[in-house]
Amino acid sequence: LYDSNAVLWSNNVKQVVGPMGYILPPSEIRALETLNDKEKIDFVVHYWKDKDPNKDTEKNELLIEFSNRFNFANENLSDITGSGWSTHRGEIYMIYGEPESTDTYSNRQDNTVVEVWKYPSGFEFVFENKFGSFILVRKSII
């Protein structure tokens, strides 16, 4: 797709551009949507090059972290709505990383499963699953 040594988290343009929506400001998302596929990939590659926290190394630690989150989300957070990165839990994981703690509660009367993710920042996310898909039902700061 592009001439670069950068290794992105996917070879699929939609899977590269989609997660960028979690971290880019709306104006850049709109600009990205107007580009052709090669231009989109070039944009993403340049974005990550600019965000490299240590340009003296060959590795881009921030890109590696983002790629690891993408892979973890796809391997562990996929549900009937789609690939892990595109689910509510996947979005939160991609943005905030691994929660400090997770608690799971079940209600046998209505088959509801609730997951609560807590972060050191004080953020708490509550997801509810009734029909095979975890939906974000509450975001709060403790």
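Is Leu63 buried or exposed? At a relative accessibility of 9%, Leu63 counts as buried, because the cut-off for a buried residue is under 20%. The model discussed here is a predicted one.

## Overall make-up

The protein chain contains five helices and four strands. Read from the N terminus, the order of these elements is α-α-α-α-α-β-β-β-β, so the helices precede the strands in the DSSP numbering from the N terminus.

The C-alpha trace of the protein chain spans about 55 × 30 × 25 Å along its principal axes. The protein chain has 142 residues, and 37% of them count as buried. Among contacts in the protein chain with a separation of 6 or more, 38% are between residues 24 or more positions apart.

## Surface and charge

About 8800 Å² of the protein chain is exposed, and 48% of that area comes from carbon and sulfur atoms.

The protein chain carries 15 positive and 22 negative charges. The mean position of the positive charges lies 4 Å from the mean position of the negative charges.

## The surroundings of Leu63

Leu63 belongs to helix 4, which covers residues 61-76. Which residues does Leu63 contact when its neighbours within four places in sequence are left aside? They are Val7, Leu8, Trp9 and Trp48.

A further distance concerns Lys49, which is 14 residues from Leu63 along the chain. The C-alpha atoms of Leu63 and Lys49 are separated by 8.7 Å. Leu63, with its 9% relative accessibility, is thus described both by its burial and by its contacts with Val7, Leu8, Trp9 and Trp48.

## The sheet

The four strands form an open sheet in the order 1-2-3-4, and their pairing is antiparallel. Strand 1 (101-107) and strand 4 (134-141) are the edge strands, each of which pairs on one side only. From one strand to the next, the twist averages 20°.

In general, the strands of a sheet pair through backbone hydrogen bonds, and the pairing is either parallel or antiparallel. How many bridges join strand 3 to strand 4? Strand 3 (residues 123-129) and strand 4 run antiparallel and are joined by seven bridges. One residue pair can be named across these two strands: Phe125 has Lys139, in strand 4, as its bridge partner.

Terms used
Residues are numbered from 1 along each chain as its sequence is written. This is a predicted model: local features need pLDDT of at least 70, side-chain atom pairs count only at pLDDT 80 or more; totals for chains, interfaces and linings use all residues. Side-chain values use heavy atoms; hydrogens and water are left out. Buried means under 20% relative accessible area, exposed over 50%, partly exposed in between (1.4 Å probe, protein chains only). Contact means heavy atoms within 4.5 Å. Two strands pair if DSSP finds at least two bridges between them. Axes are lines fitted to C-alpha atoms, for helices over the stretch in contact, and angles run from 0 to 180 degrees between N-to-C directions. Accessible areas come from the Shrake-Rupley method with a 1.4 Å probe; for residues, only the protein chains shown count as cover. Lys and Arg count as positive and Asp and Glu as negative; His and the chain ends are not counted. The place of a charge is taken as NZ of Lys, CZ of Arg, CG of Asp or CD of Glu.
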